[in-house]
Amino acid sequence: MGRWLLRGVVGFLILGAVVRGGGALNLWQVPNFRPKQSVSECVAEGQRGYGTGVARALGISPEQIDARASAEMSEAIRTLCRTEAARSGRVSLTELFRENPVAYRRLCRAGMNAALSARPDAFWFSSRAERTHLLREHCQLLLKYMGDDQSTDWPRLIAEHPDFFVLACGAALHAELARDVATRREFTAGALHRISRRSCRTGLQRGVIDTSRSRSLLDFRTDERAWDDLIVQVAR
């Protein structure tokens, strides 16, 4: 069975546009609010910055962002720009988001909707229940673990929410295993689903998967041989 074993887990990209698109979904490209901006100036700058960040993460041009997602971004940014705190630049973006959670969620979901529109295949290897869970918790967890510099404390997030990690890791591993024709002949789609999720969960529990220095949801380290052996063990 060695021919279908995964080589290089950190390279998983199947969910990249959805759960790993750092600039877009971690909101690093949200407007750099400046003092004395008008609402319209704030919105224009914010839309330009966030749209560029989303597009860069997806590998497309800003003009290719889905029109509905673009409108959602604009409305969310407008809500933020109506606050004096945003236009004065006296608070960090993290503080601003926490003081305006509805606008933050709309902005985060707009980025996710843009990603899903650009990458409709991103969730092929996850169930409807898994997709719902992942999408529901993504924005909520990002804000909870967001630092003052808008970076996400991924090691802590994963440690405290292992199920969320397993959703993404399992779908990515499933996609990787399913690429091999021989693997698809040997295992049903249901079996690959179980193998991938169980491998990710067990790997995390046993320390085969190391997320202590993770900079995104699927940025983790493994000992290649131990990881391969674990997948074979689970498959058997």
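Modeller: Helices here are DSSP runs of H or I of at least four residues, strands are runs of E of at least two, and both are numbered from the N terminus. The model in front of you is predicted, and by that rule the secondary structure of the protein comes to 13 helices and two strands.

Biologist: How much of the protein is made up of buried residues?

Modeller: Buried residues make up 51% of the 236 residues in the protein, where buried means under 20% relative accessible area. As for contacts between residues at least 6 apart in sequence, 71% of them join residues at least 24 apart.

Biologist: What makes H4 and H7 roughly antiparallel?

Modeller: Two packed helices are described by the angle between their axes and the distance between the axes. Helix H4, residues 67–81, and helix H7, residues 101–118, pack at an angle of about 160 degrees, and their axes are 8 Å apart. Angles over 145 degrees count as roughly antiparallel, and H4 is therefore roughly antiparallel to H7. The crossing in which H4 passes H7 is left-handed.

Biologist: Which residues make the contact of H4 with H7?

Modeller: On the H4 side they are Ala69, Glu72, Met73, Glu75, Ala76, Ile77, Thr79 and Leu80, while H7 contributes Ala103, Arg106, Leu107, Ala110, Gly111, Asn113 and Ala114. Sorted by class, the contact of H4 with H7 has nine nonpolar, three polar and three charged residues.

Biologist: Why is Ala69 called buried?

Modeller: Ala69, whose place is in helix H4, has a relative accessibility of 1%. The limit for buried is under 20%, and so Ala69 counts as buried. Beyond residues up to four places away in sequence, Ala69 touches Ala110, Asn113 and Ala114. Ala69 and Ala114 are 45 residues apart in sequence, and their C-alpha atoms are 5.3 Å apart in space.

Biologist: Why are H7 and H8 described as oblique to each other?

Modeller: The axes of H7 and helix H8, residues 128–144, come within 10 Å and cross at roughly 130 degrees. That angle is not under 35, not over 145 and not in the range of 65 to 115, so the pair falls among the rest, which count as oblique. H7 and H8 are therefore oblique to each other, and H7 passes H8 in a right-handed crossing. The contact is made by Tyr104, Cys108, Arg109, Met112 and Leu116 of H7 together with Leu135, His138, Cys139, Leu142 and Leu143 of H8. These residues divide into eight nonpolar, one polar and one charged.

Biologist: How do you know whether Thr83 is buried or exposed?

Modeller: Thr83 sits in the loop between H4 and helix H5, residues 84–88. Its relative accessibility is 18%, and since buried means under 20%, Thr83 counts as buried. The side chain of Thr83 reaches the backbone oxygen of Leu80 at 2.7 Å, and a polar contact requires a pair of N or O atoms within 3.5 Å. Leaving aside neighbours within four places in sequence, Thr83 is in contact with Leu96 and Asn100.

Biologist: Why is Ala57 called partly exposed?

Modeller: Ala57, which is found in helix H3, has a relative accessible area of 33%. Buried needs a value under 20% and exposed a value over 50%, with partly exposed in between, so Ala57 is partly exposed. The C-alpha atoms of Ala57 and Ala115, which are 58 residues apart along the chain, are separated by 8.7 Å. Gly46 also has its place in helix H3, residues 39–58, and with a relative accessible area of 0% Gly46 is buried.

Biologist: What makes Arg197 count as buried?

Modeller: Arg197, found in helix H12, residues 189–206, has 10% relative accessibility. With buried defined as under 20%, Arg197 counts as buried. The side chain of Arg197 reaches the backbone oxygen of Gly170 at 3.3 Å, where the limit for a polar contact is 3.5 Å. Apart from neighbours within four places in sequence, the contacts of Arg197 are with Phe125, Ser126, Glu130, Val166, Gly170, Ala171 and His174.

Biologist: How do you know whether Gly170 is buried or exposed?

Modeller: Gly170 lies in helix H10, residues 162–178, and its relative accessible area is 0%. Set against the limit of under 20%, that value makes Gly170 buried. Not counting residues up to four places away in sequence, Gly170 touches Ser196, Arg197 and Cys200. Gly170 and Ser126 are 44 residues apart along the chain, with their C-alpha atoms separated by 8.1 Å.

Key
Residues numbered from 1 in each chain as written. Predicted model: local features only at pLDDT ≥ 70, side-chain atom pairs only at ≥ 80, totals over all residues. Heavy atoms only, no water. Buried < 20%, exposed > 50% of the residue type's maximum accessible area, 1.4 Å probe, protein only. Polar contact = N/O pair within 3.5 Å; in protein donor to acceptor, adjacent residues only side chain to side chain. Contact = heavy atoms within 4.5 Å. Axes fitted to C-alpha atoms, helices over the stretch in contact; angles between N-to-C directions. Left-handed = near helix turned anticlockwise from the far one by under 90°. Nonpolar A, V, L, I, M, F, W, Y, C, P; charged D, E, K, R; others polar.
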